[in-house]
Amino acid sequence: MKKIISMAAVAAAIMTLFSCAQALDLSGEWKVKTINGEEIAAPQTEDEVAPFIEFDVENGRIHGNTGVNIVNGNYTLDGNNLSFGTLMTTMMAGPESKMKTEQDFLAAVNAVKTAKTADGILTLYDAEGKALMTLSK
């Protein structure tokens with residue numbers, strides 16, 4: 001019985017170490033699916049752009065679109081801890097609903113503290129563990 005318990009403890013320790021050792025892979029473009037639990041509407045015309053964030057992992061930079069304006073900046077990832085630096089955006093106006101999405105997008109990104117991926121979904125969380133944004137490749 002002691003051998004079984006010891007083997008289970010060793011297996012659990014190995015699994016814990018393995019899960020901690022896996023780096024969070026943010027590379028590439030992620031399309032924003034929800035912000036604060038609200039689904040983001042798909043573009044209705046060819047002129048509209050769906051909100052996205054593209055992570056350049058080599059340089060610690062992001063490029064994206066809020067649905068109206070282009071956004072660029074840097075980010076830091078340490079394990080699952082994620083933070084964004086000062087973001088620069090273009091300053092175009094758009095329809096009221098798209099501008100609301102942009103405000104929500106920027107507020108969410110500024111509040112991000114951690115990130116997790118599961119089943120192709122990237123979820124960004126605030127300091128209290130509330131899901132702020134979900135994205136997919």
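Let's start with strand β6, which covers residues 81-84: the side chains of L82 and F84 point to one face and are buried, while those of N81 and S83 point to the other face and are not buried. Why this back-and-forth? In a regular strand, side chains alternate between the two faces of the sheet. Keep in mind as you look that this is a predicted model.

Next, find the partner of β6. Strand β5, residues 70-78, runs antiparallel to β6, and 4 bridges join the two. One pairing to pick out is L77, whose bridge partner in β6 is L82. You have already met L82 as one of the buried residues of β6. Together β5 and β6 form a hairpin with 2 residues between the strands, and here G79 takes a positive phi near 70°.

Now step back to the whole chain. It has 2 helices and 10 strands, and read along the sequence they follow the pattern α-β-β-β-β-β-β-β-α-β-β-β. Of its 137 residues, 31% count as buried. Among contacts between residues at least 6 apart in sequence, 45% join residues at least 24 apart.

Finally, let's look for empty space. Rolling a probe the size of a water molecule over the atoms shows where such space is left. The largest pocket holds about 220 Å³. It is lined by 16 residues, and E39, I40, A41, S97 and T101 are the closest to its centre. Helix α2 (96-111) and strand β2 (38-39) each supply at least two lining residues, with α2 giving the most, 5 residues. By character, the lining divides into 5 nonpolar, 5 polar and 6 charged residues.

Notes. Residues are numbered from 1 along each chain as its sequence is written. This is a predicted model: local features need pLDDT of at least 70, side-chain atom pairs count only at pLDDT 80 or more; totals for chains, interfaces and linings use all residues. Side-chain values use heavy atoms; hydrogens and water are left out. On a 1 Å grid over the protein atoms alone, a cavity is a set of points where a 1.4 Å probe fits but cannot get out, and a pocket is an open set with protein on both sides within 12 Å along at least five of seven lines; lining residues have an atom within 4 Å of a point. Grid points are joined across faces, edges and corners, and a volume is the space filled by probe spheres set on the points. Ala, Val, Leu, Ile, Met, Phe, Trp, Tyr, Cys and Pro count as nonpolar, Asp, Glu, Lys and Arg as charged, and the others, Gly among them, as polar. Buried means under 20% relative accessible area, exposed over 50%, partly exposed in between (1.4 Å probe, protein chains only). Two strands pair if DSSP finds at least two bridges between them. Contact means heavy atoms within 4.5 Å.
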